[in-house]
Amino acid sequence: MNAAGAGPVPGTEYFVSDWFTLDREHLEQFAWSTYLDPAHVDLTVSRNNPLGADLVDGFWQLSALLYFHFKYGVRGDDGEYGFNYGLDRVRFPAPLTLGRRIRVRAVVVDTAKRPDGLLVTTRNTMEIEGQERPCMVADLLLLRVSPDTDGEAS
């Protein structure tokens, strides 16, 4: 919430994370947890790409938004909670390979009051250190529900 208690303000920075490096163990666990391993699918197509096994899947990047928002996101009042409401737009302009340092810059794009809470849209740009083009840009919608909000989130 902002100083007036009105919530995030469109056009303002929501957070900029610290630099982060994904390790091979977590990338392999992601593949395992999504059944993207030789025990479940034929990975020949994946092995044929010129970036090889060090290419970080865009769905890992998208899933990592949970980590960045939990760690760096702005919190509201005690008792507030949020729901992942979805995504409006996701693009992967540049490949991300294992070992590169990344960070997320989140900017508030829009807010909308609803009977069940405040819908906050942030544009999340996943930057690669030393590279101009980001590896991901995604608009994430989070429904923030305060203890004083009437009704239930939908």
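Modeller: A residue is called exposed when its relative accessible area is over 50%, and buried when that area is under 20%; a residue in between is partly exposed. The model discussed here is predicted.

Biologist: Why is Tyr 35 called exposed?

Modeller: The relative accessibility of Tyr 35 is 52%. The cut-off for an exposed residue is over 50%, so Tyr 35 counts as exposed. Tyr 35 belongs to the loop between H1 and H2. Its phi is positive, at about 60°, although Tyr 35 is not a glycine.

Biologist: What makes Ala 39 count as exposed?

Modeller: Ala 39 has a relative accessibility of 67%. That value is also over 50%, so Ala 39 is classed as exposed. Ala 39 lies in the loop between H1 and H2. A distance of 35 Å separates its C-alpha atom from that of Gln 131, which is 92 residues away along the chain.

Biologist: How do you know that strand S6 is largely enclosed by the rest of the structure?

Modeller: Strand S6 covers residues 136-145, and nine of its ten residues are buried, so the rest of the structure largely encloses this strand. Arg 144 of S6 may serve as an example: its relative accessible area is 3%, and a value under 20% means buried.

Biologist: What makes S3 and S6 a pair of strands?

Modeller: At least two bridges are required for pairing. Strand S3 (residues 81-91) is joined to S6 by nine bridges, and the two run antiparallel. Within this pair, Gly 82 is placed opposite Arg 144. Strand S5 (residues 117-128) likewise pairs with S6 in the antiparallel sense, over nine bridges. In that pair, Leu 118 has Arg 144 as its bridge partner.

Biologist: Why is the contact between Arg 144 and Glu 80 called a salt bridge?

Modeller: The closest N and O atoms of Arg 144 and Glu 80 are 3.0 Å apart. The limit is 4 Å between a side-chain nitrogen of Lys or Arg and a carboxyl oxygen of Asp or Glu, so this pair qualifies. Arg 144 is in strand S6 and Glu 80 in the loop between H3 and S3, so the salt bridge links distant parts of the chain, 64 residues apart. Side chains of opposite charge can pair when their charged atoms come close.

Biologist: How do you know that Asp 139 and Arg 123 form a salt bridge?

Modeller: Their side chains meet at 2.7 Å, N to O, and the cut-off is within 4 Å. Asp 139 lies in strand S6 and Arg 123 in strand S5, 16 residues apart. Asp 139 is buried at 7% relative accessibility, whereas Arg 123, at 36%, is partly exposed.

Biologist: How many salt bridges does the structure hold?

Modeller: It holds eight. One of them joins Asp 54 to Arg 24, with the closest N and O atoms 2.6 Å apart. Asp 54 is in the loop between helix H2 (44-47) and helix H3 (58-72), while Arg 24 is in helix H1 (residues 24-33). In addition, Glu 13, Arg 103, Arg 105 and Glu 127 are linked in a salt-bridge network.

Biologist: Why is the ring pair of Phe 15 and Tyr 72 called stacked, or tilted?

Modeller: The ring centres of Phe 15 and Tyr 72 are 6.0 Å apart and the planes lie at 25°. Planes under 30 degrees apart count as stacked, so this pair is stacked. Phe 15 is in strand S1 and Tyr 72 in helix H3, 57 residues apart. Both residues are buried. They belong to one aromatic cluster, whose members also include Tyr 14, Phe 20, Trp 60, Tyr 67 and Phe 68.

Biologist: Which residues touch the most other members of the largest nonpolar core?

Modeller: This core has 25 residues, and those with the most contacts to other members are Phe 15, Val 56, Trp 60, Phe 68, Leu 96, Ile 102 and Met 126. H3 gives the most to the core, with six residues. Apart from residues up to four places away in sequence, Trp 60 touches Phe 20, Leu 22, Phe 30, Leu 96 and Ile 102. In soluble globular proteins, nonpolar side chains tend to be buried together.

Note on methods: Residues are numbered from 1 along each chain as its sequence is written. This is a predicted model: local features need pLDDT of at least 70, side-chain atom pairs count only at pLDDT 80 or more; totals for chains, interfaces and linings use all residues. Side-chain values use heavy atoms; hydrogens and water are left out. Buried means under 20% relative accessible area, exposed over 50%, partly exposed in between (1.4 Å probe, protein chains only). Helices (H or I, at least four residues) and strands (E, at least two) are DSSP runs, numbered from the N terminus. A nonpolar core is a set of buried Ala, Val, Leu, Ile, Met, Phe, Trp, Tyr and Cys residues joined through side-chain atoms within 4.5 Å. Contact means heavy atoms within 4.5 Å. Rings of Phe, Tyr and Trp (its six-membered ring) pair if their centres lie within 6.5 Å; planes under 30 degrees apart count as stacked, over 60 as edge-to-face and the rest as tilted.
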